[in-house]
Amino acid sequence: MTTDTKADTVPGRAPTTTYGRYTCERITDPARFRAIAGEWSRLHAACGGTVFSHHDLLFAKLETSIEKRRALCAVTLWEGERLVAAACLARRRERIARKIPVKAMKLTFLDQFDVGWNDVLLDPQTPDAAAAMVRACYDVPGVKIADLFPISPYAGGPAFIAAARATGRMLDEQTEMLSSIVDLEGGQEGFLSRRSKNTRTKLKQLMRRTSGPEFQFLRSGDDDEKAHGLLDEALEMSFRSWKAEVGTNIGARGDERGFLHRILAKPPAGCRFYVDLLRRDGEAVAFALTLTDGRRACGLITDYDMSFQKESYGRAVFMQSIYNAAADGAVLFDTMRLTPLSENIHDDLEDLKRCHLRLGYGLAPLVVRIEARLRGFRDQTGLKGTRVHGRRKFQSQS
């Protein structure tokens, strides 16, 4: 590939780099990112991108987060005026590895720890664009390492990973999380019929227990005062959840609250955002947030009041959100993360990958390589117990 950096004549376009017949533009201006919405949406549809790489949703994140606007570094690949590859990335100074308190400038996805996953969009008509896209990521200035996760198995994710492997710069690749898939064929009864007898009995008992007069299930998905009030009630309840104790309470994050209200008011085209809330004696005890994209429903967040942990209210509202999705005509419910709430109810599992790529030389790539080798040595020698339990069992790493 030949490389040539130049300023483009298109108003608002950043300087570009040429890789063979493809032109790479690295977008750091939110206004420019907004201007390519039409081409982004065309590519998104062509490669089967998920709701989480929908341009409307990504721009909503930029609108509601100063940090994301500052970090934006979307990598786009063009063939003439046609967008053939894209990834909404960011440049951030972060810790190199989980247990080593050394920071470095990284190339990450714009949304790394928030709800959902991340797609790399690749036009199926230009399969060689994957290699150019990897090269375009390598040449992002000022970074030594890419830390990309979770990468979904949709759109161009597998092709991008394969192209990264072929370059020899892949430092580490692992399954970061497991996403569990629920088949909704046959609706609620069809879903229950595919569970074990013991699971069916427990679920039915749980739902009967939460159908008494002191309980109330509420759902809202329209842009009205009630919908936003219900979302606020759910987010306020999250201050009483187990996540509040470990500092991951979504209700305490102003940008995330703003984003959720934003997509409730204006969801991406063809999508719906739902809030399911369970009240007991008039007080919120659990909630679930669901985003639907066509016939696929994605369970973004389920949370519950820790005061009622033994009553399984979190699982009750989680199951109600699945039943509601089945009633709405969804054929799949993606629980997003395999957790104790979704254990024993999934029909399939999908891997969400994490990849570290070497973009240059220095301390950051060395630390990641050492950490990967130590993990491999530990697994081979059995220095730690092989029986998984607790959060490790569900691969839900913080």
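Start your tour by selecting R279 and A284: A284, in strand β13, is the bridge partner of R279. Before you go on, keep in mind that this is a predicted model.

**First stop: β12 and β13**

Now widen the selection to strand β12, residues 271-280, together with β13; the two pair in the antiparallel sense over 10 bridges. Which residue in the turn of this hairpin has a positive phi? Select D281, whose phi is about 55°, in a hairpin with 2 residues between β12 and β13.

Stay with β13 for a moment and colour residues 283-293. This strand is mostly covered, with 9 of its 11 residues buried.

**Second stop: on to β14**

β13 has another partner to show you: strand β14, residues 296-304, pairs with β13 in the antiparallel sense over 8 bridges. To see one place where they meet, pick A288 and then T302, its bridge partner in β14. Next, click on G294, which takes a positive phi near 70° in the hairpin of β13 and β14. This hairpin has 2 residues between the strands.

**Third stop: β16 and its partners**

Move along to strand β16, residues 348-358, and add strand β9, residues 145-151. The two run antiparallel, joined by 5 bridges. Select I145 and you will find it opposite R358 in β16.

Now bring in strand β10, residues 170-183. How many bridges join β10 to β16? There are 10, and these strands run antiparallel. For a pair to look at, choose D172 and its bridge partner in β16, H356.

**Fourth stop: a positive patch**

Turn to the surface and select R91, R93, R95 and K103, which gather in a patch of positive charge. Which strand gives the most to this patch? That is β6, residues 89-97, with 3 residues. K103 sits in strand β7, residues 100-109. Is K103 buried or exposed? K103 counts as exposed because its relative accessibility is 55%, and the cut-off for exposed is over 50%.

**Last stop: a nonpolar patch**

Finally, select L363, L366, I370 and L374. These residues form a nonpolar patch on the surface, and together they have about 390 Å² of accessible area. Show helix α13, residues 363-381, to see where L363 is found. L363 has 49% relative accessibility, so it counts as partly exposed; that class lies between buried, under 20%, and exposed, over 50%.

Definitions and conventions:
Residues numbered from 1 in each chain as written. Predicted model: local features only at pLDDT ≥ 70, side-chain atom pairs only at ≥ 80, totals over all residues. Heavy atoms only, no water. Patch = residues over 30% accessible without salt bridge, like charges linked within 9 Å, V, L, I, M, F, W, Y side chains within 5 Å. Areas by Shrake-Rupley, 256 points an atom, 1.4 Å probe, with all protein chains shown as cover. Salt bridge = Lys/Arg side-chain N within 4 Å of Asp/Glu carboxyl O. Lys, Arg positive; Asp, Glu negative; His and termini not counted. Charge placed at Lys NZ, Arg CZ, Asp CG, Glu CD. Helix = DSSP H or I, 4+ residues; strand = E, 2+ residues; numbered from the N terminus. Buried < 20%, exposed > 50% of the residue type's maximum accessible area, 1.4 Å probe, protein only. Pairing = 2+ DSSP bridges.
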